[in-house]
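The following note is offered for your consideration alongside the structure. It takes up the enclosed space in the model and then two individual residues.

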Amino acid sequence: MKMLVRPTLLAFALTSPTLPAAVHAQSNQPAPQQATPPAPAATMHWARPAATELVAYVERLDAEGLSPANYAPDRLRAALTAGDQAAFTRVADDIFMRLARDLSGGSVRGADRVSWYMAPSGIDEAEQRNLLERAKRGGVAGILDGLLPTHPQYVGLRRALANPANAERRDLIRANMERWRWMPRNLGERHIIVNVPAFTAAFIENGEVIARHRTVVGATSTPTPQLSATAVAVTFNPWWTVPQSIVRTMRGFGGYQVREANGYRIVRQPPGPRNSLGRVKIEMPNEHAIYLHDTPAQNLFSRSVRAFSHGCIRTQGIRDFAARLLESTGEWDRGRIDEAIAAGRTTQARLAAPMPVYISYFTAAATNDGNIVTYTDVYGRDTRVRQALNRAPSDRAMASGS
């Protein structure tokens, strides 16, 4: 199952100059060395034209896959009609702050982001208030638009949302637009993005997909979490330290190295053709112990639905994958990698520069002809996102614990 997306569609347009500095700080790339200025005291009233522009912006939120009713435009319209500037300022302040939070970081939060462990993309409250004070003078649409993702996938999904085939397709597009609002705004000029439902791992360089590999992801009983990490090295002929969750199910330890430590049985599988990690492991330290690796079960890559692992990402053609990662070292090519593996010794090669890795969950992707291609919702997570998008704000706050 191959993503029908032209290379440039998965490009990441770097953060626009109109975006606030706090957005840069949510990326996995170095942020400008400047502190967010203190939020000004909220004493300025909204100018009536600016408040009217805010109402109009809310009424267009359908285009971003959000429900206008969740931001109560009628309240602001009624306050404007009443003519009490202090009253419509209070209402406008509340609406703007919620919009700034949701557009920059997503409106679905807490437990509804099942197994989503990437750093929050949203701007902090101090920056929200800085933007609020700017918006009171005008330019509301530009300020709020500057908080939205600029990734071509988000733009393509928004375009497809304008002409959905049916309500079900519309809900699918909305759920995936929301996930892009959760993502870091700057993914980096060179990065790897794994899309779990598509069972693929893609190399992105300078805005182009230069390689795409099939993957095997976590089974439904051991789902792969969504996270960001940094690849720093490649290990050839790795040892495999068996997770305790698997150790408890093992009936024998033939061929494994076993020792006792602190009341636990530590089980390690030595390098070799039967090693569960295969011959190559991509080192990308993270608290979930998720990484990309080889596998002796190569036959699974021919399946259309490939959810069989304990959570890690088994990657087809891992030697070519490693060669691409190590290319810029000037020391490791495919030939040397094959030699290191044939030698049988555990060897580690460090990358010339760390590579951001994003393990994501998108069940729809935009194509270059204005349509979308869909993937199996392997872990059944779309329904929860759709339901959260359609909840009233008070219900959503209770569900997220905020």
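1. A cavity, as the term is used here, is a set of grid points where a 1.4 Å probe fits but cannot get out, and its lining residues have an atom within 4 Å of such a point. The model to which this is applied is a predicted one.

2. By that criterion, the structure contains two cavities of 30 Å³ or more. The second largest cavity encloses about 60 Å³ of space. Its lining is formed by D112, R113, V114, W116, R179, W182, Q226, Y361, R381 and V385.

3. R306 deserves separate comment. This residue sits in the loop that runs between β9 (292-293) and β10 (307-309). R306 is buried and yet forms no salt bridge. The nearest side chain of opposite charge belongs to D294, at a distance of 13 Å, whereas a salt bridge requires the charged atoms to lie within 4 Å.

4. What does the side chain of R306 reach at 2.7 Å? Its partner is the backbone oxygen of R303. When neighbours within four places in sequence are left aside, R306 is in contact with A198, F199, R214, T215, V216, V217, L300 and F301.

5. Q153 belongs to helix α7, which spans residues 152-161. Is Q153 buried or exposed? Its relative accessible area is 2%, and Q153 therefore counts as buried, the limit being under 20%. The C-alpha atom of Q153 lies 8.4 Å from that of M177, although the two residues are 24 apart along the chain.

Note on methods. Residues are numbered from 1 along each chain as its sequence is written. This is a predicted model: local features need pLDDT of at least 70, side-chain atom pairs count only at pLDDT 80 or more; totals for chains, interfaces and linings use all residues. Side-chain values use heavy atoms; hydrogens and water are left out. Helices (H or I, at least four residues) and strands (E, at least two) are DSSP runs, numbered from the N terminus. Buried means under 20% relative accessible area, exposed over 50%, partly exposed in between (1.4 Å probe, protein chains only). Lys and Arg count as positive and Asp and Glu as negative; His and the chain ends are not counted. A polar contact is a pair of N or O atoms within 3.5 Å; within protein, one must be able to donate a hydrogen and the other to accept it, and residues adjacent in sequence count only if both atoms are side-chain atoms. Contact means heavy atoms within 4.5 Å. On a 1 Å grid over the protein atoms alone, a cavity is a set of points where a 1.4 Å probe fits but cannot get out, and a pocket is an open set with protein on both sides within 12 Å along at least five of seven lines; lining residues have an atom within 4 Å of a point. Grid points are joined across faces, edges and corners, and a volume is the space filled by probe spheres set on the points.
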